[in-house]
Amino acid sequence: MKRLPNLNLSEKEYLNLINHPITRGGEGIICPGTTSNTLFKIFIDIYGISNPLSENKERKITRLFQLDLDSLIKPIRTISYKGQIIGYEMSYDQLDIALRDTTLPRKELIKVLKQSRDSLIELSKHDITYGDVTEDNILYNPKTKKIKFCDIDNIRIGNLPIDAKGYTLQKYYSLTGTIDEKADAYMHNILTLKSLSYDYSTYDTSILVDLRRGIYPTSFKQTAKPILDSLNDPNSFSGEYIIQHIKR
């Protein structure tokens, strides 16, 4: 079994990283990695103080390093500073674009949505639920036409749970009491509606209100209606993807 390597940062290296982030997120910052093909994710609070990587996240990153799945960003090694693991280094392709930032023709967008569905189904075979299936967490490469999922430390794998849930995923969990492969299909269906019939700035709740009022998107066949109806009641959701009911 492959052992996940670790990179120990000097104080100078650490300060240079936290003072020059590429972007900031809810849990920390993204910084340039050791090469042009890698990035660092450093867990740091709003006051600029680094947080130790939780055991749950570290175990997930280690497991993903061993699995080496093509549909996910790949962890390369953990990052430590002053004896504590504070993040990890991951693979990076400069051509990758978040789905939210793409302007794809409808035909290509449908292919991307189908590809992401297939990736989620493949992940489930490894006992992985991605969870936060959103336009921000799917990366599209215009050269290869392939996608991959990022934010890899916040998934469920085996008995290692998701750490943080976005609003829609939290609502799903509060109603069903679980996050499983059906949750991925549920989240993917919301994403599909946003991508093809709404706008990425549309709130998920607004889409669900439309469905509750009987306002159905015209991009889908009548066979999608039972699935669309069930989105307002996750307990009755079958786990079926609506992308397969798209009109040509």
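Helices (H or I, at least four residues) and strands (E, at least two) are DSSP runs, numbered from the N terminus. Counted that way, the protein chain has seven helices and 11 strands, so colour the view by secondary structure to begin, because those runs are what DSSP assigns.

Before you click further, note that this is a predicted model, in which local features need pLDDT of at least 70, side-chain atom pairs count only at pLDDT 80 or more, and totals for chains, interfaces and linings use all residues. Residues are numbered from 1 along each chain as its sequence is written, and side-chain values use heavy atoms, with hydrogens and water left out.

**Stop 1: the whole chain**

Zoom out first. Along its principal axes, the C-alpha trace spans about 60 × 40 × 40 Å. The radius of gyration of the protein chain is 19 Å, which agrees with the value near 18 Å for a compact globule of 248 residues; this radius is taken over C-alpha atoms, and the globule rule is 2.2 Å times the number of residues to the power 0.38.

Now switch on the surface. The chain exposes about 12,600 Å², and carbon and sulfur atoms supply 50% of it (Shrake-Rupley method with a 1.4 Å probe; for residues, only the protein chains shown count as cover). Buried residues make up 47% of the 248 (buried is under 20% relative accessible area, exposed over 50%, partly exposed in between; 1.4 Å probe, protein chains only). Of the contacts with a separation of 6 or more, 64% join residues 24 or more positions apart (a contact means heavy atoms within 4.5 Å).

**Stop 2: the largest pocket**

Select Thr 23, Ile 30, Met 90, Cys 150 and Asp 151. The largest pocket holds about 720 Å³ of space, and of its 26 lining residues those five are the closest to its centre. On a 1 Å grid over the protein atoms alone, a pocket is an open set of points with protein on both sides within 12 Å along at least five of seven lines, a cavity is a set where a 1.4 Å probe fits but cannot get out, and lining residues have an atom within 4 Å of a point. Points are joined across faces, edges and corners, and a volume is the space filled by probe spheres set on them.

Strands E2 (23-24), E3 (28-32), E4 (38-43), E6 (84-91) and E7 (97-98) each supply at least two lining residues. The lining has 13 nonpolar, seven polar and six charged residues (Ala, Val, Leu, Ile, Met, Phe, Trp, Tyr, Cys and Pro are nonpolar, Asp, Glu, Lys and Arg charged, the others, Gly among them, polar).

**Stop 3: the second largest pocket**

Next pick Thr 134, Glu 135, Thr 168, Lys 194 and Asp 204, which lie nearest the centre of the second largest pocket among its 21 lining residues. Its space is about 320 Å³. Helices H4 (167-176), H5 (181-197) and H6 (204-212) each give at least two lining residues, and H5 gives the most, with four.

**Stop 4: His 188**

Stay on helix H5 and select His 188. His 188 is buried, with a relative accessible area of 0%. Leaving aside residues up to four places away in sequence, His 188 touches Leu 113, Ser 116, Arg 117, Leu 120, Val 133, Tyr 241 and Ile 243.

**Stop 5: Asp 118**

Move to helix H3 (residues 106-124) for Asp 118. At 40% relative accessibility, Asp 118 is partly exposed.

**Last stop: the cavity**

One cavity of 30 Å³ or more turns up in the whole structure, with about 40 Å³ of space. Leu 64, Asp 68, Leu 69, Leu 72, Ile 73, Lys 74, Pro 75 and Ile 152 line it.
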